[in-house]
Amino acid sequence: MHARLRTLVVTTAVCGSSLLAAPHALAEVEPGGWQSVSPTHTVQERGCGQVDGLTFRLTCSTASGDQRAERRYATYTGGTRQFEGSFRVTSLSGTRISLKQTFHESGSGPYFMLAVERGGRLYAVHGGATLSTAGTVGATVRVNTVHEVGREHRTYINGSLKHTYASPGGSFYDKFGAYRTNSGSGPATVEWSGIRFWRK
């Protein structure tokens, strides 16, 4: 093979391999066999919740009832699922706002809830475990949840494993946005970005 043609073939092959590998090298927090997916979603606005693209607002301080601004993604029933997204709390006059949920549709409901308190503590609503103090107003925080249905649910904050939780079987779905917890209230504004999903 002519030297220039051989160089072109090798260069093309390397570039092609890099392009194919790039989407998997950027974000997954656990190795091996992930397939990018794009589940459908619906927007949920209840009470004083408002959704504008990936900006989620609770405009009231009402400490009762259903105050939520969220995206609700399609139901899944098995395998391993990964969610990734980054959030930035741009204002929080209230406290204890849920940011991301893994919802047990065929079970007891909000199976895992990641919430933020005023001051930046990120915690698991069920059990109260502190996951991080990175959720201060203005800070961008990356969240990954890896869910092996019927085995375990793991939560990563900025790429570090912070929480594990045994998982039952059944049907689940992902939600994120801004949602008043039972003991919390707004106002709050949360901006999300970089939303991705994988399965294997």
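# A walk from leucine 122 through the fold

Leucine 122 touches Phe87, Leu99, Leu114, Ala115, Val116, Ala129, Thr130, Leu131, Ser132, Gly135, Val141 and Ile157, leaving aside residues up to four places away in sequence. The model in which these contacts are found is predicted. Leucine 122 is a useful starting point for two topics, the core and the sheet.

Take the core to begin with. In soluble globular proteins, nonpolar side chains tend to be buried together. The largest nonpolar core here has 32 residues, and those with the most contacts inside it are Phe87, Leu122 and Trp192. Phe87 also appears among the residues that leucine 122 touches. Over the chain as a whole, buried residues make up 44% of the 200 residues.

Now the sheet. Strands of a sheet pair through backbone hydrogen bonds, either parallel or antiparallel. The chain contains 1 helix and 15 strands. An open sheet of 7 strands has the order S2-S5-S14-S7-S8-S9-S10, and its pairing is antiparallel. Strand S2 (41-46) and strand S10 (130-132) stand at the edges; each has a single partner strand, so one side of each is left without a neighbour in the sheet. From one strand to the next, the twist averages 25°.

Where does leucine 122 meet S10? The strand S9 covers residues 122-124, and 2 bridges join S9 to S10, the two running antiparallel. The bridge partner of leucine 122 in S10 is serine 132. Serine 132 is also in the list of residues that leucine 122 touches.

Another residue on that list is valine 116. Valine 116 is found in strand S8, residues 109-116. With a relative accessible area of 1%, valine 116 is buried. Not counting residues up to four places away in sequence, valine 116 touches Val89, Leu92, Thr95, Arg96, Ile97, Leu99, Arg121, Leu122, Tyr123 and Gly135. Valine 116 and serine 98 are 18 residues apart along the chain, and their C-alpha atoms are separated by 6.4 Å. For the chain as a whole, among contacts with a separation of 6 or more, residues 24 or more positions apart account for 65%.

Strand S7, residues 95-104, holds glutamine 101. Is glutamine 101 buried or exposed? At 2% relative accessibility, glutamine 101 counts as buried, because buried means under 20% relative accessible area. Setting aside residues up to four places away in sequence, glutamine 101 touches Glu70, Pro110, Phe112, Met113, Tyr173, Asp174, Lys175 and Tyr179. With one of these, glutamate 70, the side chain of glutamine 101 makes a polar contact of 3.2 Å.

Glutamate 70 leads on to the charged residues. Side chains of opposite charge can pair when their charged atoms come close. Glutamate 70 forms a salt bridge with arginine 68, and the closest N and O atoms are 3.7 Å apart. Glutamate 70 is buried at 2% relative accessibility, and arginine 68 is buried at 10%.

The structure holds 13 salt bridges. Two further ones involve glutamate 148. The side chains of glutamate 148 and arginine 151 meet in a salt bridge of 3.0 Å, N to O. Glutamate 148 also forms a salt bridge with arginine 154, where the closest N and O atoms are 2.8 Å apart. Both glutamate 148 and arginine 154 are buried. Salt bridges that share partners join Glu30, Glu148, Arg151, Glu152 and Arg154 into one network. Within this network, glutamate 148 has 18% relative accessibility, whereas arginine 151 is exposed, with a relative accessible area of 52%.

Strand S11, residues 140-148, contains asparagine 144. Asparagine 144 counts as buried, at 0% relative accessibility. The side chain of asparagine 144 makes a polar contact of 3.3 Å with the side chain of arginine 142.

The last stop is a hairpin. Strand S12 (residues 152-157) and strand S13 (residues 160-166) run antiparallel and are joined by 6 bridges. Which residue of S13 is the bridge partner of histidine 153? The partner is tyrosine 165. The hairpin has 2 residues between the strands, and in it asparagine 158 takes a positive phi near 50°.

How values were computed:
Residues are numbered from 1 along each chain as its sequence is written. This is a predicted model: local features need pLDDT of at least 70, side-chain atom pairs count only at pLDDT 80 or more; totals for chains, interfaces and linings use all residues. Side-chain values use heavy atoms; hydrogens and water are left out. Two strands pair if DSSP finds at least two bridges between them. Helices (H or I, at least four residues) and strands (E, at least two) are DSSP runs, numbered from the N terminus. Axes are lines fitted to C-alpha atoms, for helices over the stretch in contact, and angles run from 0 to 180 degrees between N-to-C directions. A nonpolar core is a set of buried Ala, Val, Leu, Ile, Met, Phe, Trp, Tyr and Cys residues joined through side-chain atoms within 4.5 Å. Buried means under 20% relative accessible area, exposed over 50%, partly exposed in between (1.4 Å probe, protein chains only). Contact means heavy atoms within 4.5 Å. A salt bridge is a side-chain nitrogen of Lys or Arg within 4 Å of a carboxyl oxygen of Asp or Glu. A polar contact is a pair of N or O atoms within 3.5 Å; within protein, one must be able to donate a hydrogen and the other to accept it, and residues adjacent in sequence count only if both atoms are side-chain atoms.
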